[in-house]
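User: I've got a structure open and want to go through its cysteines. Can you help me read it?
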Amino acid sequence: MRWTSITAAAAAAGGLVASVAALTPIEVVGNKFFNADGSQFFMKGVAYQLRPNDPLIDTEQCQRDAALMKELGTNTIRVYHVDADADHDGCMSAFADAGIYLTIDLDTFDTYILPGNLYWNGSQYDRYVQVMDTFHDYDNVLGFFVGNENIARMEDSPAAPYLKAAARDMKAYRDSKGYRKIPIGYTAADIKELRPMLQDYLTCGGNFSESVDFFGLNSYSWCDPSTFEASTYDQLQEYAYNFPVPIFFSETGCIVPGPRVWEDQEAIFSEPMVSHWSGAIIYEWIQEQNNYGIVSYGPPTDDHTRNDETVFDGFTRKGTPTPKSPDFENLKSRWETIHPTGISRDDYDPDVVSTRPCPTSTEGGWWEVDGNVQLPTLGETMAAVHTTDASTSAAAEEETASSTIPSTTTGSDDGEGAASIGKPSLGSTVGILAITVIFGLWV
């Protein structure tokens, strides 16, 4: 899910570097996150994007929100878009003081890797670099994403080498600059025909410099009331067993039928999942059109064209955050009872996990990347890695670029039921939505 809006079509570039030392950095060892003291780190997170371009520039607002997030039990937030030119010191300090880490997307509205128009070029690279330059020195940056749900349909899998190339080049840039090894990963839509192959492909090949450092899954398949099996969490667990890098829920929180009682959190933070998953990020903080918020800043406004420092897209986005009843208290109560300890770094053997074979394409299947293909370099296009013939590739590009988003089928291994109705109806890639000029919605 992401913001799309013509008014937010371009993010500024630049580089401001500051330091926040209230929290010690999180590191990745094997498939675990660890604190500096060697204890395992588990995410209790919330997706946070008050405005399309950047929610990390209003210090007073960040202080208000961070205080309530701390009360909730939050230790991580996910931010989808930032302005690399802006000053983020105040907000980053506010969240650090509240004990909160951040995951941040590197792509901007005009650098998204589009499945129907594949390229990885210098303009994209430069914009990703600018975001990294701006945020690398904040110790409470937990990780960067190179993409979000870029691959969500049958014809989208050829984008995978481009995502992997972006991760490769961002890791190389990070290391060349001497930055700390902030992990770089990807967050995927939960689609049964793509999920197992995609998560294996992004970590396969045996060359760690080319693989993602973590894998996030946007899954809405657990809709209360449900169970480990009925929600398909048992199948998610099967694919996550001894996964080679940390895997976590980068979005979760089905609202059907509602209210949310967050039973899935008990499953995520208990056996067998807690030994293989690194926590969850709840979607989302602010109440808006999709009705997923757990706080509000006031009632909706009648003027949906209003766009000022207080209101955007019909919703107030500034002021005192008010918990949404009963979702907020239900989550707070649930998290208060959950205290996973995991394993200490000294007792953990990362050799228990290993990379998996690169998936192969199958005739008529959703996965078209055949094995450990050579990754594109800057400027290469789809023809270099696509496994179908040229005419099919061209047709797929044309169809994808001109299409609108179909109704979502993410999250369910049978393509029906709670999972497919749990996620917002336009739940797919921001880039294609931007092409089709759909305003002010999350995707």
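User: Are Cys62 and Cys91 buried or exposed?
Analyst: Cys62 is buried, and Cys91 is buried as well. Keep in mind that this is a predicted model.

User: What joins those two, Cys62 and Cys91?
Analyst: A disulfide, with an S to S distance of 2.1 Å. It links distant parts of the chain: Cys62 sits in helix H1 (residues 59-72) and Cys91 in helix H2 (residues 89-97), 29 residues apart.

User: Why is the disulfide of Cys62 and Cys91 right-handed?
Analyst: Because the torsion about its S-S bond is about 85°.

User: ok, and how many disulfides are there in the whole structure?
Analyst: A search of the whole structure gives 3.

User: What about Cys204, which residue does that one pair with?
Analyst: Cys204 forms a disulfide with Cys358, and the sulfur atoms are 2.0 Å apart. Cys204 is in the loop between helix H5 (195-201) and strand S9 (215-218), while Cys358 is in the loop between helix H8 (327-336) and helix H9 (390-402). That puts them 154 residues apart, so the pair links distant parts of the chain.

User: Buried or exposed, Cys204 and Cys358?
Analyst: Both are buried. Their link is right-handed, with 100° about the S-S bond.

User: And which cysteine is joined to Cys223?
Analyst: Cys254, with 1.9 Å from S to S. Cys223 lies in the loop between S9 and helix H6 (233-240), and Cys254 lies in the loop between strand S10 (247-252) and helix H7 (263-268), so the disulfide ties together parts that are 31 residues apart in sequence. The link of Cys223 and Cys254 has 95° about the S-S bond and is right-handed.

User: Why does Cys254 count as buried?
Analyst: Because its relative accessibility is 4%, and buried means under 20%. Cys223 is buried too, with a relative accessible area of 6%.

User: If I number the bonded cysteines in sequence order, what is the pairing?
Analyst: 1-2, 3-6, 4-5.

User: Changing topic. Where is Ala280?
Analyst: Ala280 is in strand S11 (residues 277-282). Its relative accessibility is 0%, so Ala280 counts as buried.

User: What is Ala280 in contact with, apart from its neighbours within four places in sequence?
Analyst: Its contacts include Met43, Lys44, Gly45, Phe249 and Ile268.

User: How far apart are Ala280 and Gly45?
Analyst: In sequence, 235 residues; in space, 6.0 Å from C-alpha to C-alpha.

How values were computed
Residues numbered from 1 in each chain as written. Predicted model: local features only at pLDDT ≥ 70, side-chain atom pairs only at ≥ 80, totals over all residues. Heavy atoms only, no water. Disulfide = S-S within 2.5 Å. Helix = DSSP H or I, 4+ residues; strand = E, 2+ residues; numbered from the N terminus. Buried < 20%, exposed > 50% of the residue type's maximum accessible area, 1.4 Å probe, protein only. Contact = heavy atoms within 4.5 Å.
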